[in-house]
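The following note concerns the strand arrangement of the model shown below. Please read the points alongside the sequence and the coordinates.

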Amino acid sequence: MDFQVSTLCDYAADYQGKLCVQGAFDTLFARQTPVVHPACALALRITLTPEDEGDHKLSICIANESGEPINKERMPITGDLHVQLPEGASFFTRNLIMNFQGLTFNTAGTYTVDIKLDDDTVARVPLRVILVPQNAQQSAPSNN
C-alpha cells in the first residue's frame with residue numbers, strides 16, 4: 001500500500017477517480033489561542049496492489065508535539081478498510097477524504113496528522129500553529 005498523497009487542505013473532492021485538492025497547507029497563523037480552524041480536509045490518495053488485499057484498520061489522529069490527541073474524546077478516528085482489487089488488476093488507486101470542522105488547537109506549536117494502517121504509521125502530515133503578535137502588520141506571512 002503506497003500513500004501517494006497525504007495533505008491537509010481547504011477542500012478536497014473525488015471527481016471520477018481524480019483527487020482534486022484546493023489550498024494545501026501546513027501552517028495556521030493566529031493572533032491568540034485557542035485556535036479554532038473552521039473547516040479543512042485531509043486528502044489521501046492510496047495505491048493498492050494484490051498483496052494489500054484483505055481487511056485492514058485505518059486510524060487518523062491529530063496530535064500535539066507530545067503525541068497526545070488534540071481531542072481525546074474524538075481521536076483517533078478509526079475505520080475498517082476492505083481491499084479487493086478487480087480481477088486481473090496489478091494495482092488500484094483510491095482517494096480518501098476526511099472533512100474536519102472546528103479543529104481546536106489550544107497552544108501554538110507543531111502538530112501532526114498521523115495516519116496508521118494496522119497500527120503502523122504509514123503517513124504523517126506536519127502542521128504548525130504560529131501566533132502572530134497583535135501589533136504585526138495587517139497581512140500575515142504566507143502559508144508554506
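1. Two strands count as paired here if DSSP finds at least two bridges between them. The model is a predicted one. On that definition, five strands form an open sheet in the order β3-β9-β8-β5-β6, and the pairing within this sheet is mixed.

2. The edges of the five-stranded sheet are taken by β3 (27-30) and β6 (77-83), each of which pairs on one side only. From one strand to the next, the twist averages 20°.

3. Within the order β3-β9-β8-β5-β6, the contact between β5 and β8 can be described in more detail. Strand β5 (residues 54-63) runs antiparallel to strand β8 (residues 109-117), and six bridges link the pair. Cys61 has Asp114 of β8 opposite it.

4. A further open sheet has four strands, ordered β2-β1-β4-β7, with antiparallel pairing. Its edge positions belong to β2 (18-25) and β7 (92-105); each has a single partner strand, so one side of each is left without a neighbour in the sheet. Neighbouring strands of this four-stranded sheet are turned by 45° against each other on average, direction ignored.

5. Which strand is joined to β7 by 13 bridges? The partner is β4 (residues 35-48), and the two strands run antiparallel. As a point of reference when inspecting this pair, Leu42 has Met98 in β7 as its bridge partner.

6. In summary, the description rests on two open sheets: one of five strands with mixed pairing, and one of four strands with antiparallel pairing.

Note on methods
Residues numbered from 1 in each chain as written. Predicted model: local features only at pLDDT ≥ 70, side-chain atom pairs only at ≥ 80, totals over all residues. Heavy atoms only, no water. Axes fitted to C-alpha atoms, helices over the stretch in contact; angles between N-to-C directions.
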